[in-house]
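Thanks for coming. I have one structure to go through today, so please look at it on the screen while I talk.

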Amino acid sequence: MAITDLQKRRADLVREHMQAENDLDYETVMNTFSHPRYELIGSDTVFDGDARVREYFQISRVPFPDQKNEIIDLHHGEDEIIVELWLRGTHTGPLKTPSGELPPTGRKFEVRLCAIFDFEDEKIVCERVYFDQLTIVSQLTAPRP
């Protein structure tokens, strides 16, 4: 299936967005949105609007300041870009979990996840991230061999 010019521009914007997240360049990330919104399905949390998304940037880097994403594959929908990716990081700060706060373990995690970027025209209106929080916590807390 041929990719349209609009789909290519959207995919390029998603790549720019994800690289800016890796670079901690949050102004560039914010400029990829027409309305900033993150929905984190694995933790049932929504950050909607400029102030809340900026708060998300701050709190998400406390437990994993070196967190990085790596695109595995990218798929085109009618009004969305679907990205399969690896997310990796080192647990060096406290992590809030459903059962309480997990103190830093110094361990690394690696999890495969899916992010759906919803679009209106050429800008992102929502990044919806599907992930398994238990997989991350288990990698941080499993007994060492």
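**Hairpins, core and pocket**

I will start with a turn. Strand 1 and strand 2 make a hairpin that has four residues between the two strands, and Asp44 in that turn has a positive phi of about 55°. Before going further, a caution: this is a predicted model.

The pairing in this hairpin is antiparallel, with four bridges joining strand 1 to strand 2, residues 45-48. One of the pairs is Leu40 with Thr45, the latter in strand 2. Asp44 itself belongs to the loop between strand 1 and strand 2. Is Asp44 buried or exposed? Asp44 counts as exposed because its relative accessibility is 73%, and the cut-off for exposed is over 50%.

On the phi value, some background. Most residues other than glycine have a negative phi. Asp44 is a residue other than glycine, and its phi is near 55°, a positive value.

There is another aspartate to look at here. Asp121 is not a glycine, yet it has a positive phi of about 60°. Asp121 sits in the loop between strand 7 and strand 8. With a relative accessible area of 64%, Asp121 is exposed, because exposed means over 50%. The two strands around this loop, strand 7 and strand 8, form a hairpin with two residues between them. Seven bridges join strand 7 to strand 8, and these strands run antiparallel. Within that pairing, Glu120 stands opposite Lys123 in strand 8.

Now the other strand pairs. Strand 7, residues 108-120, also pairs with strand 4: 11 bridges join them, and they run antiparallel. Two examples from that pairing: Thr90 stands opposite Lys108 in strand 7, and Trp86 has Arg112 of strand 7 as its bridge partner. On to strand 3, residues 68-76. Strand 3 is joined to strand 4, residues 80-90, by eight bridges, again antiparallel. Asn69 has Leu87 in strand 4 as its bridge partner. Strand 3 and strand 4 form a hairpin too, with three residues between them. As a general reminder, side chains in a regular strand alternate between the two faces of the sheet.

Next, the core. Which residues of the largest nonpolar core touch the most other members? The core has 34 residues, and the ones that do so are Tyr38, Phe57, Ile81, Val83 and Phe117. Among the elements that give two or more residues to this core are helix 1 (5-22), helix 2 (26-31), strand 1 (37-40), helix 3 (50-61) and helix 4 (133-141). Strand 4, strand 7 and strand 8 (123-130) are also in that group. Strand 7 gives the most, with six residues.

Take Tyr38 from that set. Leaving out residues up to four places away in sequence, Tyr38 touches His17, Glu21, Val29, Phe33, Thr45, Val46, Phe47, Val53, Tyr56, Phe57 and Glu127. Phe57 in that list is another of the core residues that touch the most other members.

Now the largest pocket. The space in it comes to about 870 Å³. Its lining has 36 residues, and those nearest its centre are Leu40, Tyr56, Ser60, Leu95 and Phe131. By class, the lining has 22 nonpolar, eight polar and six charged residues. Helix 3 gives the most to this lining, with five residues.

Leu40 brings us back to where we began, since its place is in strand 1. Is Leu40 buried or exposed? Leu40 is buried, because its relative accessible area is 11% and buried means under 20%. Outside its neighbours within four places in sequence, Leu40 is in contact with Thr45, Phe47, Tyr56, Val129 and Phe131. Phe131 is 91 residues from Leu40 in sequence, but their C-alpha atoms are 7.9 Å apart in space. Tyr56 and Phe131 also appear among the residues nearest the pocket centre.

One last residue. Gln139 is found in helix 4. Gln139 is partly exposed because its relative accessible area is 28%, which lies between the 20% and 50% cut-offs. Not counting residues up to four places away in sequence, Gln139 touches Arg107, Lys108, Phe109 and Glu110. From Gln139 to Glu110 the separation is 29 residues in sequence and 8.1 Å in space, C-alpha to C-alpha. Lys108 in that contact list is the strand 7 residue that stands opposite Thr90.

That is what I have; questions are welcome.

How values were computed: Residues are numbered from 1 along each chain as its sequence is written. This is a predicted model: local features need pLDDT of at least 70, side-chain atom pairs count only at pLDDT 80 or more; totals for chains, interfaces and linings use all residues. Side-chain values use heavy atoms; hydrogens and water are left out. Two strands pair if DSSP finds at least two bridges between them. A nonpolar core is a set of buried Ala, Val, Leu, Ile, Met, Phe, Trp, Tyr and Cys residues joined through side-chain atoms within 4.5 Å. Buried means under 20% relative accessible area, exposed over 50%, partly exposed in between (1.4 Å probe, protein chains only). Contact means heavy atoms within 4.5 Å. On a 1 Å grid over the protein atoms alone, a cavity is a set of points where a 1.4 Å probe fits but cannot get out, and a pocket is an open set with protein on both sides within 12 Å along at least five of seven lines; lining residues have an atom within 4 Å of a point. Grid points are joined across faces, edges and corners, and a volume is the space filled by probe spheres set on the points. Ala, Val, Leu, Ile, Met, Phe, Trp, Tyr, Cys and Pro count as nonpolar, Asp, Glu, Lys and Arg as charged, and the others, Gly among them, as polar.
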